[in-house]
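Hello,

Here is the structure I promised to pass on to you. Have a look at it first, and then read on for what turned up when I went through it.

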Amino acid sequence: HGGQPAVLPKDHPVAAVAADALRAAFDIEPVFIRDGGTIPAVAHLDEVLGLRSLLLPFGLPNENKHAPNEWLDLANYRRGMESIARLWIGLGESHAERSI
């Protein structure tokens, strides 16, 4: 309802750090897709403040997100937490966050 789209290019330095973090936590090659969402603040942060955003959802398509019977696989939840921790460590080591 009026929110603008936002995309972080796959060749952005933060995307490479995120791919490494996901690869390490999930032990598979990550797949980056464009997925719809309703978070108008993401585009606003980019447009107004010049802050790029990277969104990493860990739910599977059959988990019925935002439905009354929504659920989340606990293994993915744990691996997601590990991914985020690895992402922050990787950003600190690579200084990629400075290019956001």
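A quick word on terms before the findings: a residue is called buried under 20% relative accessible area, exposed over 50%, and partly exposed in between. Please keep in mind that this is a predicted model.

Let me begin with R23, where that scale is needed straight away. Its relative accessibility is 30%, so R23 counts as partly exposed. R23 forms a salt bridge with D20, and the closest N and O atoms of the pair are 2.7 Å apart. Both residues belong to helix α1, where three residues, about one turn of the helix, separate them. D20 has a relative accessible area of 45%, so D20 is partly exposed too. R23 has another partner in E29, with 3.0 Å between the closest N and O atoms of that salt bridge. E29 is exposed, because its relative accessible area is 53%.

There is also a pair in helix α3. R86 forms a salt bridge with E82, the closest N and O atoms being 2.7 Å apart. R86 and E82 are four residues apart in α3, so about one helical turn separates them. As for their surroundings, R86 is partly exposed because its relative accessible area is 37%, and E82, at 30% relative accessibility, counts as partly exposed as well. Back at the earlier group, salt bridges that share partners join D20, R23 and E29 into one network. The count for the model comes to four salt bridges.

Now to helix α1 itself, which covers residues 13-26. Does its length come out long, short or as expected? At 1.5 Å a residue, its 14 residues should span 20 Å, and the end C-alpha atoms are 20 Å apart, so the two agree. After the helix comes D27, which has a positive phi, near 60 degrees.

Which residues of α1 are buried? They are V14, A15, V17, A18, A19, A21, L22, A25 and F26. These buried residues pack against α3, residues 74-94.

That packing leads on to the interior. The largest nonpolar core has eleven residues in all: V14, V17, A18, A21, L22, A25, F26, L56, F58, L87 and L91. Two elements, α1 and α3, give two or more residues to this core, and α1 gives the most, with seven residues. F26 is a good one to click on: leaving aside neighbours within four places in sequence, F26 is in contact with F58, N76, R79, G80 and S83.

Finally, the surface. L45, V48, L49 and L51 form a nonpolar patch there, with about 350 Å² of accessible area together. One of them, L45, is found in helix α2, residues 40-49. L45 has a relative accessible area of 33%, so L45 is partly exposed.

If you would like a route through the model, you could start at R23 with its salt bridges to D20 and E29, turn to the side of α1 that packs against α3, and end at the nonpolar patch that includes L45.

Best wishes

Methods. Residues are numbered from 1 along each chain as its sequence is written. This is a predicted model: local features need pLDDT of at least 70, side-chain atom pairs count only at pLDDT 80 or more; totals for chains, interfaces and linings use all residues. Side-chain values use heavy atoms; hydrogens and water are left out. The expected span of a helix is 1.5 Å times one less than its number of residues. Buried means under 20% relative accessible area, exposed over 50%, partly exposed in between (1.4 Å probe, protein chains only). Contact means heavy atoms within 4.5 Å. A salt bridge is a side-chain nitrogen of Lys or Arg within 4 Å of a carboxyl oxygen of Asp or Glu. Patches are made of residues with over 30% relative accessible area and no salt bridge: like charges are joined within 9 Å, nonpolar side chains (Val, Leu, Ile, Met, Phe, Trp, Tyr) within 5 Å. Accessible areas come from the Shrake-Rupley method with a 1.4 Å probe; for residues, only the protein chains shown count as cover. A nonpolar core is a set of buried Ala, Val, Leu, Ile, Met, Phe, Trp, Tyr and Cys residues joined through side-chain atoms within 4.5 Å.
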